[in-house]
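The questions below go through one protein chain step by step. Each answer ends on the value or name asked for.

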Amino acid sequence: MNTIELKRGDTLELDCVLQDGGVPLDITGWQIDSWVRAPGRQIVHKFAAVITAPLAGRYLLPATAAQTAKWPMGGLTMDIRYTDAGGRVFSTQSMPVQVLEPETR
């Protein structure tokens, strides 16, 4: 899995598509949760998922520049937890997030 890399204080908008075998899933009525955690398991950010095209499985995980400005430098982790309309819960693998200091301020 690729590392998500961003500079502290940048806007982050992860445009996601949930698929099964390359086919988008209908995520109508689903709950999508995703948290970013520091190495000590401290919660750094809770994304408020925005479902943009439910029939195509598309959603956004946004964080504003003001929010990421508070994220600690270095390596963080995140995953995504889905709860479908029937109440089944499943999660992605954990993904690395690397927060870097910006050169330009």
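Contact means heavy atoms within 4.5 Å. This is a predicted model, in which local features need pLDDT of at least 70 and side-chain atom pairs count only at pLDDT 80 or more, while totals for chains, interfaces and linings use all residues. Residues are numbered from 1 along each chain as its sequence is written, and side-chain values use heavy atoms, with hydrogens and water left out.

Q: Which residues is H45 in contact with, leaving aside its neighbours within four places in sequence?
A: H45 is part of strand 6, which covers residues 43-48; helices (H or I, at least four residues) and strands (E, at least two) are DSSP runs, numbered from the N terminus. With those neighbours within four places left aside, the contacts of H45 are S34, W35, V36, P62, A63, Q67 and W71.

Q: Is H45 buried or exposed, and what is its relative accessible area?
A: Buried means under 20% relative accessible area and exposed over 50%, with partly exposed in between (1.4 Å probe, protein chains only). H45 counts as buried because its relative accessible area is 7%.

Q: What pattern does the chain follow along the sequence?
A: The secondary structure consists of one helix and 11 strands. Read along the sequence, these elements follow β-β-β-β-β-β-β-β-α-β-β-β.

Q: Which residues on strand 2 point to the buried face?
A: In a regular strand the side chains alternate between the two faces of the sheet. Strand 2 shows such alternation: E13, D15 and V17 point to one face and are not buried, while the buried ones on the other face are L12, L14 and C16.

Q: In strand 8, what is the bridge partner of E13?
A: Two strands pair if DSSP finds at least two bridges between them. Strand 2 and strand 8 pair in the antiparallel sense, over six bridges. Within strand 8, the partner of E13 is P62.

Q: Which residue in strand 11 does E5 stand opposite?
A: Strand 1 has I4 and L6 on its covered face, and E5 and K7 on its uncovered one. Strand 1 pairs with strand 11 in the parallel sense over four bridges. Opposite E5 in strand 11 stands Q98.

Q: Which strand gives the most residues to the largest nonpolar core?
A: A nonpolar core is a set of buried Ala, Val, Leu, Ile, Met, Phe, Trp, Tyr and Cys residues joined through side-chain atoms within 4.5 Å. The largest one has 23 residues, of which F47, Y59, W71 and M78 touch the most other members. Elements that give two or more residues to this core include strand 1 (4-7), strand 2 (12-17) and strand 8 (58-63). With four residues, the one that gives the most is strand 9.

Q: What is the relative accessible area of L61?
A: L61 lies in strand 8. Leaving aside neighbours within four places in sequence, L61 has contacts that include L12, L14, F47 and M78. L61 is buried because its relative accessible area is 0%.

Q: How far apart in space are L61 and G9, C-alpha to C-alpha?
A: In sequence, L61 and G9 are 52 residues apart. Their C-alpha to C-alpha distance in space is 16 Å.

Q: What share of the residues in the chain is buried?
A: Along its principal axes, the C-alpha trace spans about 45 × 25 × 20 Å. The chain has 105 residues, and the buried share is 30%.
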